[in-house]
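Here are my comments on the model you sent. Please read them with the structure open beside you.

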Amino acid sequence: GASGGGGAPTTELAKQLAPIFQEFLAKEAKKSEDFAAGQIQEAADKEAARHTAELEQLVKDHNEEKMQLDTTHTAELATQLAAFWETTKQEDQDRNAGHAAELRMLKDDHATQLQEAARRENALQTRLLTEKAAATAANNALQQEKQALQEKNAAGVKKLDASTAEVARLVAEDAAQTAANAAQKKEHQQELDDNAAAHEKELERKEKLHKIDLDEKLVALYQRQLESFKLSDPSSAPHA
């Protein structure tokens with residue numbers, strides 16, 4: 001009870017301290033709020049910065065990847081183009097080489113055909129000359145035979161002239177034998193004429209037969225050669 005009076009100063013102190021304490025609490029609360037707000041702002045700034053950095057990295061990565069893809073694609077295109085040109089060039093070279101080989105073969109074939117044609121023509125000329133020479137020789141032999149017959153006939157005529165002179169002399173010597181001798185001479189003359197005419201006809205017949213035979217041989221030879229040329233030359237074949 002003795003200290004009960006001392007309660008008044010304590011209450012008074014409490015009353016005095018209360019506003020100060022409240023002000024202090026308010027300041028502390030304000031500090032806490034400011035600190036919290038600062039923390040939130042700092043966190044937000046950090047998040048924004050991180051997000052921005054991520055975006056920038058994404059954009060950078062995307063650009064790098066796109067550049068690498070472009071580079072790779074360009075290199076692939078260049079490789080394909082080079083391969084295409086190389087292939088085309090090789091194909092052209094192969095085609096040109098093939099054409100050149102075909103041309104050489106055609107030229108060789110043509111030269112061979114020309115040589116073969118020349119050889120056949122020479123062979124034909126040789127055969128023609130040989131057969132012509134044989135025909136000429138045969139004709140000469142016939143002419144010689146004809147001449148020999150003519151000489152024989154001339155000798156016969158001379159002999160006949162001698163006989164005629166002998167007959168004339170005999171007629172002069174023996175008039176009685178004149179008619180008989182004349183008849184005999186006439187008969188002899190007729191026989192000689194008949195023989196000479198028959199011989200001449202036989203000669204002409206032989207000449208004609210020989211000429212016909214020679215002509216036929218030449219015609220057959222030319223026909224055979226013509227057929228041989230047609231067979232060996234494709235351009236002369238009949239068109240379809």
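The points below go from the whole chain to single residues and then to the pocket.

1. A word on the source comes before anything else. This is a predicted model. Please keep that in mind for every value that follows.

2. Start with the fold. The protein chain has 2 helices and 0 strands. Its radius of gyration is 73 Å, whereas the globule rule gives 18 Å for 240 residues. The value is well over the rule, so the chain is more spread out than a compact globule. The C-alpha trace spans about 250 × 30 × 20 Å along its principal axes.

3. Next, burial and surface. Of the 240 residues, 4% count as buried. The accessible surface of the chain comes to about 20100 Å². Carbon and sulfur atoms hold 60% of that surface.

4. Contacts along the sequence deserve a look too. Take the contacts in the chain with a separation of 6 or more. Residues 24 or more positions apart account for 79% of them.

5. Which residues does Q225 touch, leaving out those up to four places away in sequence? They are R120, L124 and R127. Q225 itself lies in helix 2. Its relative accessibility is 10%, and buried means under 20%, so Q225 counts as buried.

6. L124 is the other side of one of these contacts. L124 is found in helix 1. Its relative accessible area is 11%, so L124 is buried by the 20% cut-off. L124 and Q225 are 101 residues apart in sequence. In space they are 7.4 Å apart, C-alpha to C-alpha.

7. Is Q68 buried or exposed? Q68 has a relative accessible area of 55%, and exposed means over 50%, so Q68 is exposed. The place of Q68 is in helix 1. Set Q68 against F21: the two are 47 residues apart in sequence. They are 68 Å apart in space, C-alpha to C-alpha.

8. H51 also needs a line. H51 lies in helix 1. At 44% relative accessibility, H51 counts as partly exposed, because this class runs between 20% and 50%. H51 and H62 are 11 residues apart in sequence and 16 Å apart in space, C-alpha to C-alpha.

9. Now the pocket. The largest pocket has a volume of about 300 Å³. It is lined by 13 residues, and the closest to its centre are K152, N153, L192, N195 and A196. Two elements give two or more residues to this lining: helix 1 (7-173) and helix 2 (178-232).

10. Which helix gives the largest share of that lining? Helix 1 does, with 7 residues. By class, the lining has 6 nonpolar, 5 polar and 2 charged residues.

11. To close, three items to check on screen. One is the spread of the chain, about 250 × 30 × 20 Å along its principal axes. Another is the contact of buried Q225 with L124. The last is the largest pocket, with a lining that draws on helix 1 and helix 2.

Definitions and conventions:
Residues numbered from 1 in each chain as written. Predicted model: local features only at pLDDT ≥ 70, side-chain atom pairs only at ≥ 80, totals over all residues. Heavy atoms only, no water. 1 Å grid on protein atoms, 1.4 Å probe; cavity = no way out; pocket = protein on both sides within 12 Å on 5 of 7 lines; lining within 4 Å. Points joined across faces, edges and corners; volume = space filled by probe spheres on them. Helix = DSSP H or I, 4+ residues; strand = E, 2+ residues; numbered from the N terminus. Nonpolar A, V, L, I, M, F, W, Y, C, P; charged D, E, K, R; others polar. Buried < 20%, exposed > 50% of the residue type's maximum accessible area, 1.4 Å probe, protein only. Contact = heavy atoms within 4.5 Å. Rg over C-alpha atoms; globule rule 2.2 N^0.38 Å. Areas by Shrake-Rupley, 256 points an atom, 1.4 Å probe, with all protein chains shown as cover.
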